[in-house]
Structure formats: C-alpha cells, structure tokens
Protein chains: 2
Amino acid sequence: MLTQKVLGVKGEEDPAMDGPEDTGRTAAAGRGAEGGRTVGIKDVARAAGLSITTVSHALNGKGQVSTRTRERVRQIAEELGYRPNPAAQVLLSGRTGVIGLAAGHQSSEPWERTYRPYYAAFTAGAMVEAVDRDYALVVVPVGPGTDLWTRIPMDGLIVVDPIAGDPVIDEALRRGLAVVTDGRPIDPAHAGLPYVQSDIVTGIGLVMDHLHDAGARRIGLLSGSELDSFTLDSEQTHAEWCAARHLPAAVERTAPGEPARDAARRLLATRPDAVHALNRTYGEAVLAAARELGLSIPGDLMVTVMDEAEPGARPALTTLGLDPRRVGSACAAVLIDRLTGAEPEPVTVPSRLVPGESTRRG
Amino acid sequence: MLTQKVLGVKGEEDPAMDGPEDTGRTAAAGRGAEGGRTVGIKDVARAAGLSITTVSHALNGKGQVSTRTRERVRQIAEELGYRPNPAAQVLLSGRTGVIGLAAGHQSSEPWERTYRPYYAAFTAGAMVEAVDRDYALVVVPVGPGTDLWTRIPMDGLIVVDPIAGDPVIDEALRRGLAVVTDGRPIDPAHAGLPYVQSDIVTGIGLVMDHLHDAGARRIGLLSGSELDSFTLDSEQTHAEWCAARHLPAAVERTAPGEPARDAARRLLATRPDAVHALNRTYGEAVLAAARELGLSIPGDLMVTVMDEAEPGARPALTTLGLDPRRVGSACAAVLIDRLTGAEPEPVTVPSRLVPGESTRRG
DNA sequence: TCCGCCACCCAAAAGGTTTTGGGAATCCCC
DNA sequence: GGGGATTCCCAAAACCTTTTGGGTGGCGGA
C-alpha cells in the first residue's frame, strides 16, 4: 500500500470527474486545450439571442447596452462559464502582460546558472516587481539550439549579462520586444537599450582602496573569459586604479573550460600580496592555490571576492557583494516602464564592500 | 560620475540606435508591441508576389511548393526579418507551450512563500523538467484579488497545496486548463485530477518508529491550520500510529495568525517526551518553548521536524526531509504527460528521515 | 404625418497565422 | 489534340475577441 517508488497509487473514484457544470466543458477540462470546445463569446451570444458585439459590450461595460440586457448577458455568461480566450485578446491588443527573463549564458549549459544564488535572487526580485505592476514573469531558457522562448508570447525580455553581438538581443529586437539588460550592453549596436548594472566601478574602487589601506601594493585580479560589462568594467577599473598609483596590475583569466585553479596558480606566480577574484568559484580557486603554495591568509596574501549571492551574514572572505534581488527588481521596473511608454534611464545598483577575515592584517 | 544612488548615468550615443536593419523595425524595436508594425507574413507575401498560403507553406515545408519558390520565399523572409506572431499561432493551434505554476497560498500573502526554500527548489525542478520537454514555465501569483494569471495564455497549471474548494483549481478547469496538484486534492470535486505528493504516510511512520525506538512513548504533533493533504495525512498517520500502539496522541494546531510558540507551549503542556513539528518554523517554536520550560534536548524531549528545503548536510534536528525539486519536476512531468494525451497516474515522491542530534538519546 | 433624436443593438473588420479544398496551368501519352 | 495526371499555387475559412461605424425602431415635437 505504501511504496517508496516514484509511481504511487491511483486516486479514488474514477468516472466521477465531470461533476459541477452542465455545458460541454467536460472534455475541455479533461484534456486541456485540444479536446472539447470551450465556451466562447459566440455561445453566449447564441444563448442570449444577441449579437456578439452586444455581449462583448455588456460584459466589458463598453457600448450602449440597456441595464436589463447587460445584466441578462452577465447572468448567462456566468451560467455558461464563459471566459474570454486570452490568446485572442493578446492577438487583438498586442499586449500579453508577460515579460520574459532569458536565463542561461550563451556559452555555458543553459541551466547550470539558474541554480546559482544570483539567478534565484534575481528571479525573485524581478518576479515580485513584475507582479506588483500586474505583469507575469516567465523564465525562458536561451542558448545555442534553443528557440523555445521565441514561441512564447511576451511583451519584453530581460537579458542577463549581454555579450557582444548577443543573438538573443538581436532576435528579441527583431520581434519587436522591448529589451532591458542586466549589465551594460557591450555591443555598440545595442547602445541605447535601457539597462541595469551593479556599480562595479565604485565597488572595485572600494575593494582596491580597502586592500591598499591594509597594506597591499601588488593587487592581482582573477578574471574570467566572459565578454560582459561586469568583467570588462572590473578589469578596466582595476587597471586604471593601479596605473594611477604606478602599481603593478596583474590579471589572469580562466580560459573557457579551464579549471579556475590553473588560472589562480598563474596569478599567484606573479607574487601578488592581494588578489581580488571575480566570483566565488574563483575565490575558492585562489584559496586552494594559496594553500598549495603554503601562503597564509591574510598574512602572506589578502583575498577579496565578488559575491553574487544575497547579502547575508558576515563572511570569512572579504566580499564585494552585489544585490541581485534589487537588480532583478530594477530590471523588471525598467522594462515595464519602457512598455508603458516611459523612456527609462539606465539604473545603477550599488554594491557593498563587506570586510571579512581575509583582509584583516596586523 | 559615480553615484551610489539607484539612478545612474545615461548610456553613450543616443540617436544611433536603429542600426543594422533596413526595414521599418526601428519603431518596433523601440516601443515594444504597440509602436511600429512588425513585419508579418502578409508583407513577405507581398514582397515575394505570392499568396499568403504559399509563403506559409514554403516556410513551414508543408504544401507543394517548388524548391525554387521555397528558397526565394525563405530568402525574402530572412531579409525582411519576418517572424511568425506567436499570439496568432497560439490562437490558431490552441497550444501555448507554457505551463503555469500557481504560487502563493490562498490564505497568506501571495509571495511570502515564494522565497521559502520549498518554492525555490520546486520551481527549479519544475522549470528544468518543463524545458526538457519543450515547455516554458511561468510562475503566476494567485490569491484573493489576483486574477492576473487568468489573463495569460497557458496550457496547464500546477497548483501547490490545494485546499478544499480551491478556487484556483475551479477557475483553471473552467478555462479548460489541465491541472496537476502538488498534494492530493482534498475536495471530492477535484478527485480524479492527477497529482503528485510527498510520501507523508511512510515518512511520518518512519519518524514515529524512529522516536519510538529511541524510547519515546508520548509523541506529540505540532500541526498547522491549513486544510491541505499534507497536514491532514500527517495528523491522521500520527493518530493511527498512536492508536495502534495504545499510546497518547497529542496534537496542537496553530490557529491562523497565532504565533507558533503559543501552540508549542500548549503542546508541551501535555508533557510529551517527543514532538514532531510539521515545518521548520514550528520546529523552532518547539525548541523555544522547550527552552522556556528548561527541557533538555534530547534528554527531556526529543524533537523532529519536517523540512521543506532541499536535502542538504546533516542537520542538528532530526528531520523528515521532502524533496521539493523532485516534486516540482514530477508535477511538470505529469502535467505535460496530461497535455500530450497521456492519462498519468498519481505520483508519490519519497521523503527521507535524516537522524540528527535532537533524537540521539543515551 | 413627417422629421429628428435617442436608446439600443448589430455587421463587419481587424489582428496574423495555418489549413482545407480546390483551381489553373503544364506535361505526357495515346 | 484531347484526357488525365502532375505540379504549383491560391482564396477563403477558422481561431476568438474587440472596436468601429453604422442601423433600426420607437418616441416626442412640429
């Protein structure tokens, strides 16, 4: 009677599944959209002995319909269980009330990222904002070989971490969708799109100042191979900061597919006294590589790391924390502003420096 | 130049935003669906000097079209940047390729739950399964006063924790949507719907046996006021287990809005030697109440708790762990089976007992 | 009795696509 | 050169709703 297997036991009574209604909705209820007919406005009109127009007017409170008729129509529609077909309304109005969130990097496998804290928090933020403004959010996978998202009706699309020549953006624009990106679009062809970005420039500045104040003079950067604005801005700010102070600016990038630890080893080979890692994984890699070399932290090497997750408790590592939920929320807000006719400005969401043990020297 | 405020600086060049294409897509790209026209099949037909029918056939590889014509049509469509309008296809085919996930209890505020680990993991599981089977998942808020979800086109709906007379289920059926529930539908009117449930009966049995083996003889249950199958099954299994062994079966429920700790105090007043709490919050409440009474754990009181979160590391409390991701995945699978014509069986996903310190006695 | 007005209602178009059921050429063979 | 088979293409219906631009009938006033 009780099974540990996935397939369990059947429910109770079987043939008693039509029940309450009287019209031919039984089949429809059973088999989704394909089977039995759903009751349309035409059916209501026929039942009321009126024209489709009048029924529509009566139900929507639009035209000139006598109160008596209006009430009668409402009554009949209720009895028949009439519900306007959303697809028809979409086709007619051109508005779906849905915004999409393109999840999955172009390069990596689409869904890996979804599980990561950044996406989860981002999605939550975007969803709440969307719902508050009467939009629904659909998370759609994108990536090479996936065009599923192009088949689902929506009004706009949020693209996370756009890259140069981002095909998703091009396709979305071609379809007449409004687009907002999380991360400044790199491609000149996409300049002018509204976007939301985390304040990397200030953030990296904070990190560098923090490390410098703690005594670091050779601050390395462990970066990635992505071509998004986050990576680019991080590298550039790091470089400029170092150049302005005539300090060396070692940068290593993990090649696509390469284990981060290899890049970390290369970076540590340049003998930095501090390293900033562009994500948590890279941070782990730096720690591991440091351990290999017998470097103590923060004594021999200070480490800071960019953290995509929600702001939380005090971390062991000094982190530059993003606020993904707020970014998601801002993306949805900007997109919906765009859809409702506004000409939104780019938004920059601040990032926070949270000092931890890994830079507490002396 | 760098601002900590949310509103940042404007992007680069402003008037250079039309760019690559030649057709009148500029306006469309700018203002979403409402502004400039998108290029339709009609435009392709006109440009090719062919009928709409032939264009459709050529592009979909359907009818009898000469290879030369087919190629020419493809060419022209490409040049014009034609993309079929998804809304029109939905209207015609009656299939959207979208399944909904109704998030938010009927009673509580809609979104609180979304953040909770169960929903997050459930959503992730459902989303991956949906995408694997070429469906998109849209998470829609439901609850009193929200009919947003009824306006978005979809083929089916997942309802989490259905209650008796669940209005969302009724509405969905009325619309001809396929419905699957997470948790066995309580309402007799909804019997026959496919569902997925966690194996509470076995799970509670495991917990009770575990506590009994550890020496407990007066095992209390801290329950909630929800009328879902999870709560009902838990209470019933607990009661039957106790009855079969002629042991007392104290149960307390938190009233709606009541702090869980009050109910926990009432339960502890019955002097149980073990308590099972139906969710994490209730578990905390039991611990707090025990602390008030100076009870040591597990010495004076053993505690187990139902955990909605993902299976993780060994917990301090002995937990009965659900597998929300697998449940979500199963819900999507069952729903899509239904949509593709199958008559799916109810699915039961096993739950796991993970012993922790709170029942380690002697 | 006729005109105009008002209250109420309706036909048809529009929205964009797919599919059905032909129709018009062209070709082959007798 | 005519019949039939092919080949290629097209008009129109269907999907379901909303909105535009009337249209009809009754009533009051002249």
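Which residues are the closest to DNA strand D, and how many surround DNA strand D? In this predicted model, 27 residues surround the strand, and the closest are A:I41, A:L92, B:T53, B:T54 and B:T69. Of the atoms of DNA strand D that come within 4 Å of the protein, 60% belong to sugar and phosphate. Both protein chains take part in this surface: α3 and α5 of chain A, together with α3 and α5 of chain B, each supply at least two residues. The greatest contribution to the surface near DNA strand D comes from α3(A), with 5 residues. Divided by class, the residues of this surface are 10 nonpolar, 15 polar and 2 charged.

Several polar contacts to the phosphates of DNA strand D were identified in chain A. A polar backbone atom of A:I41 is placed 2.6 Å from a phosphate oxygen of DNA strand D. The backbone of A:N85 also provides a polar atom, at 3.1 Å from a phosphate oxygen of this strand. In the case of A:N60, by contrast, a polar side-chain atom is involved, and its distance to a phosphate oxygen of DNA strand D is 3.5 Å.

The surroundings of DNA strand C were examined in the same manner. DNA strand C is surrounded by 28 residues, of which A:T53, A:T54, A:T69, B:I41 and B:L92 are the closest. Sugar and phosphate make up 58% of the atoms of DNA strand C that come within 4 Å of the protein. A polar contact to a base is formed by A:T53, where an N or O atom of the side chain is 2.6 Å from a base nitrogen of DNA strand C. Contacts to phosphate are formed from chain B: a polar side-chain atom of B:K62 lies 3.0 Å from a phosphate oxygen of DNA strand C, and an N or O atom in the side chain of B:Q89 is 3.2 Å from a phosphate oxygen of the strand. The elements that give two or more residues to the surface near DNA strand C are α3 (52-60) and α5 (86-93) in chain A and α3 (52-60) and α5 (86-93) in chain B. Here α3(B) gives the most, with 5 residues. The surface near DNA strand C comprises 11 nonpolar, 14 polar and 3 charged residues.

Attention was then turned to individual positions within the protein chains. A:D182 is located in strand β4 (residues 178-182) of chain A. With a relative accessible area of 3%, A:D182 is buried. Apart from residues up to four places away in sequence, A:D182 touches A:Y118, A:F122, A:V159, A:V160, A:D161, A:P162, A:V196, A:V327 and A:C331. A:C331 is itself buried, its relative accessible area being 0%, and B:C331 is likewise buried, with a value of 0%. Over all chains, the structure holds 0 disulfides.

A further buried position was found in a loop. A:S351 lies between β11 (347-349) and β12 (352-354) of chain A. Because its relative accessible area is 3%, below the 20% limit, A:S351 is classed as buried. The side chain of A:S351 reaches the backbone oxygen of A:D199 at 2.9 Å. A:D199 also appears among the residues in contact with A:S351, together with A:G203, A:L206, A:L320, A:G321 and A:L322, when neighbours within four places in sequence are left aside.

Note on methods
Residues numbered from 1 in each chain as written. Chains lettered and ligands numbered in written order. Predicted model: local features only at pLDDT ≥ 70, side-chain atom pairs only at ≥ 80, totals over all residues. Heavy atoms only, no water. Near = heavy atom within 4 Å. Polar contact = N/O pair within 3.5 Å; in protein donor to acceptor, adjacent residues only side chain to side chain. Helix = DSSP H or I, 4+ residues; strand = E, 2+ residues; numbered from the N terminus. Nonpolar A, V, L, I, M, F, W, Y, C, P; charged D, E, K, R; others polar. Disulfide = S-S within 2.5 Å. Buried < 20%, exposed > 50% of the residue type's maximum accessible area, 1.4 Å probe, protein only. Contact = heavy atoms within 4.5 Å.
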